[in-house]
Amino acid sequence: GGGATLHICAILAAGAAAAWARRTYLGGAGVATADQQLEHREQEHGRGPTGLLVLPSLGGERYPVRDENLRGAVLGIDASTTPADLYSATLEGVALALSHALDPSDAGRVLPVVGGGAASRPWQRILADASGRPVLHTDGTDATLLGAALAGAEALGLAHRIVPLAARGGELIAPDPSAAAAYAALRPAHRGLYEVVARAVR
């Protein structure tokens, strides 16, 4: 009752897309080696879009569209594209997919991240830039349970002492203003890619 709404962004294959890209583009490199390649690429090119546009839907999608038949896509490849570019672009694709769920009016609000992929500092920077928000890598212990409890308590108007993830501390990664502006300009094209690919793979 009460008309409360819980907004979620259930990307079907975020970590799986990253693991697939490491296997496919980086020869099965581990996360640490892949991060080194991302760091090297960032030193060479700076922060901001790779110039590629990736839809990371490997086997259907739940958000921002619900389509079990949707498949992935990579646009913008040329003769200079490297495996590190393709890996970085896949992480960008996940970050942009997540960004479609964020309210632009909350641009300065901290985005807490937890889990295995969230430990990648280069991916944290990509997520900060693609979302335009500061990213906080924080303790993920019981994150799902705490999130559900917090959402339930607030929806019911109950007094509680549940500490939100964003208030639990951790390292904050700020978005780079120039990179964030470039990603913001790219976001509509990425969102439109879902419909284009859905029509193409039927």
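This passage describes a three-stranded sheet, the helix α4 that packs on it, and a cavity and a pocket in a predicted model. Residues are numbered from 1 along each chain as its sequence is written, and side-chain values use heavy atoms, with hydrogens and water left out. Because the model is predicted, local features need pLDDT of at least 70 and side-chain atom pairs count only at pLDDT 80 or more, whereas totals for chains, interfaces and linings use all residues.

Helices and strands were taken as DSSP runs (H or I, at least four residues, for helices; E, at least two, for strands), numbered from the N terminus. An open sheet of three strands has the order β3-β4-β5 with mixed pairing, two strands being paired if DSSP finds at least two bridges between them. The edges are occupied by β3 (111-113) and β5 (171-173), each of which has a single partner strand, so one side of each is left without a neighbour in the sheet. From one strand to the next the twist averages 30°. Strand β4 (residues 135-137) runs antiparallel to β5 and is joined to it by three bridges, and H137 stands opposite E171 in β5.

Helix α4 packs on this sheet, touching β3, β4 and β5, and its direction makes about 50° with that of β5; contact here means heavy atoms within 4.5 Å, and angles run from 0 to 180 degrees between N-to-C directions of lines fitted to C-alpha atoms, for helices over the stretch in contact. Ten of the eleven residues of α4 are buried, so the helix is largely enclosed by the rest of the structure, where buried means under 20% relative accessible area (1.4 Å probe, protein chains only). Among the buried residues are W123, I126 and L127, together with the charged R125 and D129. Just after α4, G132 takes a positive phi of about 75°.

Cavities and pockets were sought on a 1 Å grid over the protein atoms alone, a cavity being a set of points where a 1.4 Å probe fits but cannot get out, and a pocket an open set with protein on both sides within 12 Å along at least five of seven lines; lining residues have an atom within 4 Å of a point. The largest cavity has a volume of about 120 Å³, and of its 13 lining residues R41, E42, G46, S88 and I126 are the closest to its centre. The largest share of this lining, four residues, comes from α4. The second largest pocket, of about 200 Å³, is lined by 14 residues, including S131 and R187, and α4 and α6 (177-200) each give two or more residues to its lining.

Note on methods
Grid points are joined across faces, edges and corners, and a volume is the space filled by probe spheres set on the points. Buried means under 20% relative accessible area, exposed over 50%, partly exposed in between (1.4 Å probe, protein chains only).
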